[in-house]
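Subject: Structure handover and notes

Hello,

Here is the structure I said I would pass on. Please open it beside this message and follow the notes below in order.

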Amino acid sequence: QVQLVESGGGLVQAGGSLRVSCAASGGTFSTYAMGWFRRAPGKERECVAAISRTGTNLYYADSVNGRFTISRDNAKNTVYLQLDSLKPEDTAVYYCAAARTLQPTYRTRVAAEYDYWGQGTQVTVSS
C-alpha cells in the first residue's frame, strides 16, 4: 500500500509561483508512474501533468503547458509540480497519484489507470 502526501499549496497572486510536492511511502517509488490532477469547484477532475518512472516521458495539459513543470526525485520518493505564471483559473485542489507499471517510459493522463491517490493540497490564485 502506497501513501501519498501532498504539500506546498497556498494562496498566491496571479503571475506568481508555487511548488507543490508529493511524498510517497509504503512502496517502491521508482516502480510508479506519477501524475498531478486538479479539481476546481464545479469542474471535472483534470490531469495537468504526468511523468514516467524514469522521468523521461512527460505529459502536460494544454492549459498548463509552458507554465507548469513536473519532476521527480526517486531517491527522495517525491514528485514535484512547479507552478509558474499562475492564473486565477488555476485555483483548485491539486492531487498526486501513482500508477504501478513495469514500463519505464509509461505515463498516463487517465485517472482510472492510477492505483493510489493523495488527499490533495489547495492552491488559490487571487486576481
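Two strands count as paired if DSSP finds at least two bridges between them. Strands of a sheet pair through backbone hydrogen bonds, either parallel or antiparallel. Please keep in mind that this is a predicted model.

The sheet

Four strands form an open sheet with antiparallel pairing, and their order is β1-β3-β8-β7. The edges are taken by β1 (3-7) and β7 (68-73); each has a single partner strand, so one side of each has no neighbour in the sheet. On average, neighbouring strands of this sheet are turned by 15° against each other, direction ignored.

At one edge, β1 and β3 pair in the antiparallel sense over five bridges. To find this pairing on screen, start from Q3, whose bridge partner in β3 is S25. The two faces of β1 are not alike: L4 and E6 make up the covered face, while Q3, V5 and S7 make up the uncovered one.

At the other edge, β7 pairs with strand β8 (residues 78-83), again in the antiparallel sense, over six bridges. Here I70 is a useful starting point, with L81 as its bridge partner in β8.

S21 lies in strand β3. With a relative accessibility of 14%, S21 counts as buried, because the limit for buried is under 20%. Apart from residues within four places in sequence, S21 is in contact with V5, E6, S7, W36, T78, V79 and Y80.

The cysteines

A disulfide is a covalent bond between the sulfur atoms of two cysteines. How many disulfides does the count come to? The count is one, and the disulfide is formed by C22 and C96, with their sulfur atoms 1.9 Å apart. C22 lies in strand β3 (residues 18-25) and C96 in strand β9 (residues 92-100), so the disulfide ties together parts that are 74 residues apart in sequence. The torsion about the S-S bond is about 45°, so this disulfide is right-handed.

Are C22 and C96 buried or exposed? C22 is buried, at a relative accessible area of 0%, and C96 is buried at 0% as well. C47 is in no disulfide; the nearest cysteine sulfur belongs to C96 and is 12 Å away. C47 also counts as buried, at 7% relative accessibility.

The nonpolar core

The largest nonpolar core has 40 residues, and those with the most contacts inside it are L4, M34, W36, V79 and L81. Two or more residues each come from β3, β4 (32-39), β5 (46-51), β6 (58-60), β7, β8, β9 and β11. The largest share, six residues, comes from β9.

V79 is worth selecting on screen. Not counting residues up to four places away in sequence, V79 touches V20, S21, C22, F29, M34, W36, I51, I70, S71, R72 and C96. Both cysteines of the disulfide, C22 and C96, are therefore among the residues that V79 touches.

T121 and strand β11

T121 is in strand β11 (residues 121-126). T121 is buried, with a relative accessible area of 10%. What does the side chain of T121 reach? It reaches the backbone nitrogen of G9, at 3.2 Å. Leaving aside neighbours within four places in sequence, the contacts of T121 are E6, S7, G8, G9, V20, A92, V93 and Y94.

Three loop residues

K43 is in the loop between β4 and β5. At 53% relative accessibility, K43 counts as exposed, because the limit for exposed is over 50%. K43 and S126 are 83 residues apart in sequence, and their C-alpha atoms are 18 Å apart in space.

N77 is found in the loop between β7 and β8. N77 is not a glycine, yet it has a positive phi of about 55°. N77 is partly exposed, with a relative accessible area of 28%.

S85 lies in the loop between β8 and β9. S85 is not a glycine either, and its phi is positive, at about 50°. S85 is partly exposed, with a relative accessible area of 43%.

Regards

How values were computed. Residues are numbered from 1 along each chain as its sequence is written. This is a predicted model: local features need pLDDT of at least 70, side-chain atom pairs count only at pLDDT 80 or more; totals for chains, interfaces and linings use all residues. Side-chain values use heavy atoms; hydrogens and water are left out. Buried means under 20% relative accessible area, exposed over 50%, partly exposed in between (1.4 Å probe, protein chains only). A polar contact is a pair of N or O atoms within 3.5 Å; within protein, one must be able to donate a hydrogen and the other to accept it, and residues adjacent in sequence count only if both atoms are side-chain atoms. Contact means heavy atoms within 4.5 Å. Axes are lines fitted to C-alpha atoms, for helices over the stretch in contact, and angles run from 0 to 180 degrees between N-to-C directions. A disulfide is a pair of cysteine sulfur atoms within 2.5 Å. A nonpolar core is a set of buried Ala, Val, Leu, Ile, Met, Phe, Trp, Tyr and Cys residues joined through side-chain atoms within 4.5 Å.
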